[in-house]
Amino acid sequence: MIMPNIELYAANVIPKEEYAVSGHRACQGCAEILAVRLALKALGRDTILTMATGCMEIVSTPFPTTDWKLPWIHVAFENAAAVASGVDIGLKILMKKGKVKKSDINIVAIGGDGGTSDIGLQSLSGAFERYHKFIYICVDNEAYMNTGVQRSSSTPFGAMTTTSPPGKLSMGQPTWKKNMVKIAVAHNIPYVATACPSYPFDLIEKVKKAKMADGPAYLHILSVCPTGWRTASDLSIRYGRLAVESGVFPLYEVENGTYRLSLNPEPLRPVTDYFKGQGRFRHLTDEYIDKIQKRTIKEWEDLKTLCGVK
Amino acid sequence: MTGNAAIAEAAIRAGCRCYFGYPITPQNELTEYMAAHLSRREGCAFIQAESEISAVNMVYGASVAGARAMTSSSSPGISLKQEGISYLAACQLPSVIVNMSRGGPGLGSISASQSDYFQSTRGGGHGDYRTIVLAPASVQELADLTRRAFELADKYLIPVIILGDGMLGQMMEPVEFKHEAPSALPVRAGALRGAKGRHSRFVRTFTSNPAELEEVNWSLFRRYQLIQKQEASCENYLTEDAALVVTAFGIAARIAKGAIKQARALGLRVGMFRPVTLWPFPSEQLKELSKRAKYFLDFEMNMGQMIDDVRLALEGGGDVSFYGRPGGVIPNPTEVLRVITRVYHQKGLNQ
């Protein structure tokens, strides 16, 4: 389905250099740090990172240590894209004046799902609209994990978090996951894609494409979070795959408005395969699972139509 | 019960039926408690907003509709809420904002700090306004002052800030909830509740006529004067015979108390003056105290913010030393004792 005999030529496909090195404090089985590590491999040395508050910021830079080998700046929750805009403008002016040598520097803003789909949406939309040449990576672990698992607008329907507790009057998260990809596409930016570190080659390819884009690029990366999802920490890669194979998180890209499916997992697995073993979905009744299953299939069919897949 | 949970429980008991939060350490337990308890009850609303700005403006909306509403955050989040607080003050809408403060500036740390004193007591946002600021020093007091905050907000139509800190929020102590029935929700004349059968009301903060705005500011000022006269409160601890008085608020006062007990055991005549309301600052009471004691040691977990108010209250009538620990470092009573002893001897109070 992806590549046979990976071990034979993986070393040639994935750059050897590491930019997010060991020494961070991410939880055991964190797929988010893996996603960032893979993405940075594709970006290379000439990169500036602006990072919103969140898991990746907290685990990577407990003062005075850091695991970044790249220029990196942290900013409040809502402003990663705004700071990236500033970096872009600042460098442009300095290059114009000849104070900085003209070169292609990747400007990358990274935020979590809360920092992207909730509080950071305004500055992200502004940066897309102004058409800065930068890459925005949303590492989506589907809740505010850093502060202790509170719901975000990216939390899937029905999931248990500390601020969407299931009980008599509630069945966990009451709203459907916000579709950030559609929001990004609506800004008419040249490159938008979804990815998952369970599919590393696909992820790296997409980061490379984002790098080549002539304008803003948006990557939405699903990152399994054993702590918040209440899953076993050795199963993160499997859950990423199950999310894709059940159609809950399809992998696709949108280049200049043209949709393309990266991977067709049909026939889809039932969502229960994906839910099984996740503590956050444990309370769901058949009625709710059925509701989610129907919605997942509908969204998948809609996406297939957009991608022109029969 | 943890401090954060005590605030939440006290707020519900005080009749708060609308809570709007947003995650930030170290006040998440408060939001989580509200999520668990308010979403379970009929006629209650819990919303986790998409940002702090939205959360405080939801309070603005709920309050203008006449409901009892509250939000909470910690230092960086409170900075975002300042715009909303300024609007709440301008429209004279009762509301309660909890700040379980942490180290700063910037994202700072998640450890307890008192660096938000200026921001809380000087208005904080734009415009010439004040908010009542309550500074509890124990979990019991967090519960009591939360109740008090809602009463004051309703009485003076003003946003009230509860300035705690990360340590108070996280620590566990036994709590007794004294008041059972919440006070009746006052029906405010200005509340927006539809215009069926009468003229519509409107609430605004903008006027292009400076004279009109001056009158608004005057009326606010008159109310602030009234609050200053009636609501300033403080705690005096062993100040009757004290030669040296430690001034401290919140958790710093708690630490100082431990140090003072040790100092008393050593035979040093030390007491403590603790403002419970940071605004209005109990200046009269401190001035009164300075008739008996001439030497003061201001102890804060910042680099000297309340010391300004202490000096202003004393009007030159006392000698003020300072001990501060910024950045979320929490000193232990022995460290404070060391400073107390040093100042005590330097000023020749042991003779």
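**Exercise 1. Which residue's side chain meets that of Arg295(A) in a salt bridge?** Then place the pair in the chain and judge its exposure.

Solution. Note first that this is a predicted model.
- Step 1: find the partner. The side chain of Arg295(A) meets that of Glu299(A), at 3.1 Å from N to O. The cut-off for a salt bridge is 4 Å.
- Step 2: place the pair. Both residues sit in helix α12 (residues 286-307) of chain A. They are four residues apart, about one turn of the helix.
- Step 3: check exposure. Partly exposed covers the range between 20% and 50%. Arg295(A) has a relative accessible area of 33%, so Arg295(A) is partly exposed. Glu299(A), at 44%, is also partly exposed.

**Exercise 2. Take the salt bridge between Arg13(B) and Glu9(B). Is Glu9(B) buried or exposed?**

Solution.
- Step 1: read the distance. The two side chains meet at 2.8 Å, N to O.
- Step 2: place the pair. Arg13(B) and Glu9(B) lie in helix α1 (residues 3-13) of chain B. Because they are four residues apart there, about one helical turn separates them.
- Step 3: apply the cut-off. Buried means under 20% relative accessible area. Glu9(B) stands at 11%, so Glu9(B) counts as buried. Arg13(B) has 24% and is partly exposed.

**Exercise 3. Which strands hold Glu235(B) and Arg274(B)?** Describe their pairing too.

Solution.
- Step 1: establish the contact. The side chains of Glu235(B) and Arg274(B) form a salt bridge of 2.6 Å, N to O.
- Step 2: locate each end. Glu235(B) belongs to strand β7 (residues 234-237) of chain B, and Arg274(B) to strand β9 (residues 270-275). With their positions 39 residues apart, the pair links distant parts of the chain.
- Step 3: test for burial. Arg274(B) has 4% relative accessibility, so Arg274(B) counts as buried.
- Step 4: look for a network. Shared partners join Arg147(B), Arg148(B), Glu151(B), Lys155(B) and Glu231(B) through salt bridges. Over all chains, the structure holds 36 salt bridges.

**Exercise 4. How many helices and strands does chain B have?** Then judge how compact the chain is.

Solution.
- Step 1: count the elements. Chain B has 12 helices and 12 strands.
- Step 2: compare radii. The radius of gyration of chain B is 21 Å, and the globule rule gives 20 Å for 351 residues. The values are close, so chain B is as compact as a globular protein of that length.
- Step 3: add burial. In chain B, 55% of the 351 residues count as buried.
- Step 4: check contact range. Take contacts in chain B between residues at least 6 apart in sequence. Of these, 78% join residues at least 24 apart.

Key
Residues are numbered from 1 along each chain as its sequence is written. Chains are lettered from A and ligands numbered from 1 in the order in which they are written. This is a predicted model: local features need pLDDT of at least 70, side-chain atom pairs count only at pLDDT 80 or more; totals for chains, interfaces and linings use all residues. Side-chain values use heavy atoms; hydrogens and water are left out. Helices (H or I, at least four residues) and strands (E, at least two) are DSSP runs, numbered from the N terminus. The radius of gyration is taken over C-alpha atoms; the globule rule is 2.2 Å times the number of residues to the power 0.38. Buried means under 20% relative accessible area, exposed over 50%, partly exposed in between (1.4 Å probe, protein chains only). Contact means heavy atoms within 4.5 Å.
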